[in-house]
Amino acid sequence: MAEASVLTRSIMSVPGIGARKAEGFRTLGLTNIGKLIAHLPHRHQREAGEGVIADLVEGVVGTARGEVGACRAVRTGRVSRFEAALLDDSGRVDLVFFNQAFLAKKIHAGDRLRVQGTPKARGGGLQIANPRFELLDEDGDDPEPEATGERLRPIYPASERVASADIERAVSEVLCDALEEIDDHLTEAYCGERELPRLAETYRMMHAPEDESEVADARRRLAYDELLLMQLAVHRRRADIRRLFRAPELDTADTIHERILSRLPFELTKAQARVVQDLRGDLAKVHPANRLIQGDVGSGKTAVALYAMLLAVAEGHQAALMAPTEILAEQHAASIGRMLEGSRVRTALLTGASAERTATLRDLEAGEIDLVIGTHALIGERVRFSSLAVAVVDEQHRFGVRQRAVLRTGAEAGRVPHTLVMTATPIPRTVSMTLYGDLDVITIDSLPPGRTPIETELIPLAGRTAAYADVRDRIGRGERAYVVVPAIDSEQLRDVERVREELSEHYLPDARIGVVHGRLPRGEREFVMDAFRDGRLDVLIATTVIEVGVDVPEASAIVIEHAERFGIAQLHQLRGRVGRGSAASKCWLLGDAETEDAKERLEAVAATSDGFKLAEADLRIRGMGELFGTKQSGMAPFKIADPMKDRELLNLARRDAAAWIERSPGLDAPEEAVLWRRLKRAHGAWLELGDVG
Ligand code: ADP
Ligand code: MG
């Protein structure tokens, strides 16, 4: 077509918008008609149909007609207003027009008016401020009341310079012409099968709906589009990874499988066994596995990871386990070392503090280390593997998404290890699908046998005597306890030194107390952890360095000072340090919540020890935006869709996207051009394989 498209025409071309108004529209980002049409109402307001004055309801937009009674202009200083009473046989409503004293020339007693506005209660009656009004013919030859009169009015995000009504007016000027030009990236048949409206109709229903059900239908289509684009990006990226990268195919024959299982000091739980079977299938393939293994605190993820790593080692490849803290890396190294005692597997620990760092790096590159356990140091510039086949990232919630990607690039171009990501902060499925859509999620959904439930008690900080009395009794029975403090050193908070002093002088004078935190040198820290593990210490005062992984079954109580300072996931993790042995365990939350959120957090943790429920609660309190908007994701937040509420739609979009990419991996058919353009605009940065390639 020769004529310029309506959608790209300047906002100035809309009848009624001059240079000044256009400037206001521009500050809202509405520079052309396309952008105007894409600027959707954030809600719709039902406007009552026309009735008699007595039917007007306070707070509800209403329309009525009547005869003007007494009226006058009032001036006080620089402010003016025009007041009028409007009457019909049923009653009276007062009208007030601020700064419109000039209306005295236009509206006179005896005139007939139709007005629309929101009545407020004033002086015993109702008053409408700044109503919309229309002067009716004197001879009573009035226009009919609008058919039903009721309508849904779009309310737009607006600004001081441009009111919602301005936008409404502009949209209604151009809507018909604009709709003709809206390209749908989905076909009529596709929409029909899913009971989705076409795109042009969707915009019509958003801007000028007949009723609420049209708004709901339009919203559903727009939410579906957002979710579909996101899922297409996810599946397309996954297809690219499969196409571009290769991982070693591991032999998972029964003999190897049995040999590895016999190394473990216990029988796998059913849940672990199921995950192991899944991994067995994954790792035998040439496509890099990309798994998120989630299992609540203490569900036994380490054994599962070890299984996968030993599959790699069995074939002469290497495996790496990355932990978020040095303490956890050291503990994994110690416990894995114990399990592999007497085997030929060569293990090493690599942290920033490792004295043998240079030698370890050399041996890794030479293939003289089979299994390396470490911290971030594992993804350092100088780390080279001779043949890394399995990479495990433990407690991934402590790492960013980017770091996960970096570990994958550790290998030579085109060759990547199978990657397992483990987390004890269960992510609600809806979120994991959106945030980690490129990962296959598997869940270890039960705990090893013999666990006793943990009792949790929430008390104010000042009530600590009860908590420490309980700890004293436990020590008397040969059990151990953690005491968690929010800071190593603090003016306002109960820090390490202060708590140590109080415990040894006052609450627990006979206990053997140790301290561990991130500023201790490694040797000292290991010494203290070993002493606590072996029972040479009764109480371990610690910062959150013990948050994840630390495993001492004899510890049966944990006291968390200033619990209000910690997040839900953190508290849940900390609590997971106990309840690992046969003694009934107790978690004392000492906290004074100063905010409503903090109170909700503490109460949620006290109410349940189900990690999934807590994850949902966390999401509810912090909101989806927090998860999407910030560090966790490179993806843009949704404008319309809410993956929590739109679960059904998310599932539909996910299935549709998978089938679509299967059918047309390149999305390059001519009829897919519009879709591809929109997909690139929405998720282009993320689609490029910069992270992994
Ligand atoms: P997490 O999932 O929190 O990382 P771990 O792997 O540290 O859990 O396991 C927690 C504890 O449970 C450890 O002491 C581990 O030895 C033990 N454990 C794991 N699996 C089993 C099992 N199948 N039977 C008995 N104990 C197990
Ligand atoms: Mg663990």
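Visitor: What makes the pairing of a nitrogen atom of ligand 1 with a polar backbone atom of Glu267 a polar contact?

Guide: The two atoms are 2.7 Å apart. A polar contact is a pair of N or O atoms within 3.5 Å, so the pair at Glu267 qualifies. This is a predicted model, in which local features need pLDDT of at least 70 and side-chain atom pairs count only at pLDDT 80 or more, while totals for chains, interfaces and linings use all residues. Residues are numbered from 1 along each chain as its sequence is written, ligands are numbered from 1 in the order in which they are written, and side-chain values use heavy atoms, without hydrogens and water.

Visitor: Which polar side-chain atom lies 2.8 Å from a nitrogen atom of ligand 1?

Guide: That atom belongs to Gln272. An oxygen atom of ligand 1 is also 3.0 Å from a polar backbone atom of Gly300.

Visitor: How many residues of the shell around ligand 1 are nonpolar, polar and charged?

Guide: The shell divides into 4 nonpolar, 6 polar and 6 charged residues. Asp, Glu, Lys and Arg count as charged; Ala, Val, Leu, Ile, Met, Phe, Trp, Tyr, Cys and Pro as nonpolar; and the others, Gly among them, as polar.

Visitor: Why is the pair of Phe82 and Phe97 called tilted?

Guide: A search of the whole structure finds 5 aromatic pairs. Rings of Phe, Tyr and Trp (its six-membered ring) pair if their centres lie within 6.5 Å; planes under 30 degrees apart count as stacked, over 60 as edge-to-face and the rest as tilted. The centres of Phe82 and Phe97 are 6.0 Å apart and their planes stand at 40°, so this pair is tilted.

Key. Polar contact = N/O pair within 3.5 Å; in protein donor to acceptor, adjacent residues only side chain to side chain.
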